[in-house]
Amino acid sequence: MTETKTFRRIGVAEAEALLAQGGAIVYDVRDLNSYRAGHIDDARHLSGETLGDVIAATPKSAPILICCYHGNSSQEYARILTDFGFSDVYSLDGGFEAWANRRPR
């Protein structure tokens, strides 16, 4: 029997710590207009149309943080990535809304 890989749901503070370590890839799965209006620094837009390319081009061991509006859609994308063998996947609880409303450090 093989071990099922899962993603982790993390809050803003843990996401900030993950990004501070460097090397994490951030994917924003909101619609393109929302992404263009504002996103986490260095985030890349991800959609159903580009998912296959991302799966093919992204190292399976890279830490990946997925962000959506409120933290729901990101869980679906995180599940898909873990199903495709990605081992270090995170979904941002509260989504971009929580990130945008965080306290400045």
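Two strands are treated as paired where DSSP finds at least two bridges between them. In the predicted model examined here, five strands form an open sheet in the order E1-E5-E4-E2-E3, and their pairing is parallel. The edges of this sheet are strand E1 (8-10) and strand E3, each of which pairs on one side only. Helix H1, residues 12-21, packs on the sheet and touches E1, E2, E4 and E5; the direction of H1 makes about 105° with that of E1.

The pairing of strand E4 is described on both of its sides. With E2, E4 pairs in the parallel sense over four bridges. Within this pair, Val-26 has Leu-65 of E4 as its bridge partner, and Tyr-27 has Ile-66 of E4. With strand E5 (residues 89-92), E4 runs parallel and is joined by three bridges, and here Ile-66 stands opposite Ser-91 of E5. Ile-66 thus appears in the pairing of E4 with E2 and in that of E4 with E5. Strand E2 is in turn joined to E3 (residues 44-45) by two bridges, again in parallel; the bridge partner of Asp-28 in E3 is His-45.

Two connections between strands were classified by handedness. A right-handed β-α-β unit is made by E2, helix H2 (residues 32-37) and E3. The loop between H2 and E3 contains Asp-42, a residue other than glycine whose phi is nevertheless positive, near 70°. Asp-42 counts as exposed because its relative accessibility, 72%, lies over the 50% cut-off. A second right-handed β-α-β unit consists of E4, H4 and E5. Helix H4 lies across E1, E4 and E5, and runs at about 175° to E5.

Burial was then assessed for E2 and E4. Both faces of E2 are covered, with Ile-25 and Tyr-27 buried on one side and Val-26 and Asp-28 buried on the other. Both faces of E4 are covered as well: Ile-64 and Ile-66 are buried on one side, Leu-65 and Cys-67 on the other.

In soluble globular proteins, nonpolar side chains tend to be buried together. In the present model, the largest nonpolar core comprises 17 residues, and the members with the most contacts inside it are Leu-46, Ile-66, Leu-81 and Val-89. Two or more residues of this core come from each of strand E2 (25-28), helix H3 (51-57), strand E4 (64-67) and helix H4 (73-83). Another core, lying apart from this one, has 14 residues, including Val-12, Ile-40, Cys-67 and Trp-99.

The surroundings of Ile-66 were examined further. When neighbours within four places in sequence are left aside, the contacts of Ile-66 include Tyr-27 and Val-29, together with Ser-74, Tyr-77, Ala-78 and Leu-81. The contacts also include Val-89, Tyr-90, Ser-91 and Leu-92. Among these residues, Tyr-27 is the bridge partner of Ile-66, Ser-91 stands opposite Ile-66 in E5, and Leu-81 and Val-89 are named with Ile-66 among the core residues with the most contacts.

Note on methods. Residues are numbered from 1 along each chain as its sequence is written. This is a predicted model: local features need pLDDT of at least 70, side-chain atom pairs count only at pLDDT 80 or more; totals for chains, interfaces and linings use all residues. Side-chain values use heavy atoms; hydrogens and water are left out. A nonpolar core is a set of buried Ala, Val, Leu, Ile, Met, Phe, Trp, Tyr and Cys residues joined through side-chain atoms within 4.5 Å. Buried means under 20% relative accessible area, exposed over 50%, partly exposed in between (1.4 Å probe, protein chains only). Contact means heavy atoms within 4.5 Å. A crossover is right-handed if, with the strands pointing away from the viewer, the path from the first strand over the helix to the second runs clockwise. Axes are lines fitted to C-alpha atoms, for helices over the stretch in contact, and angles run from 0 to 180 degrees between N-to-C directions.
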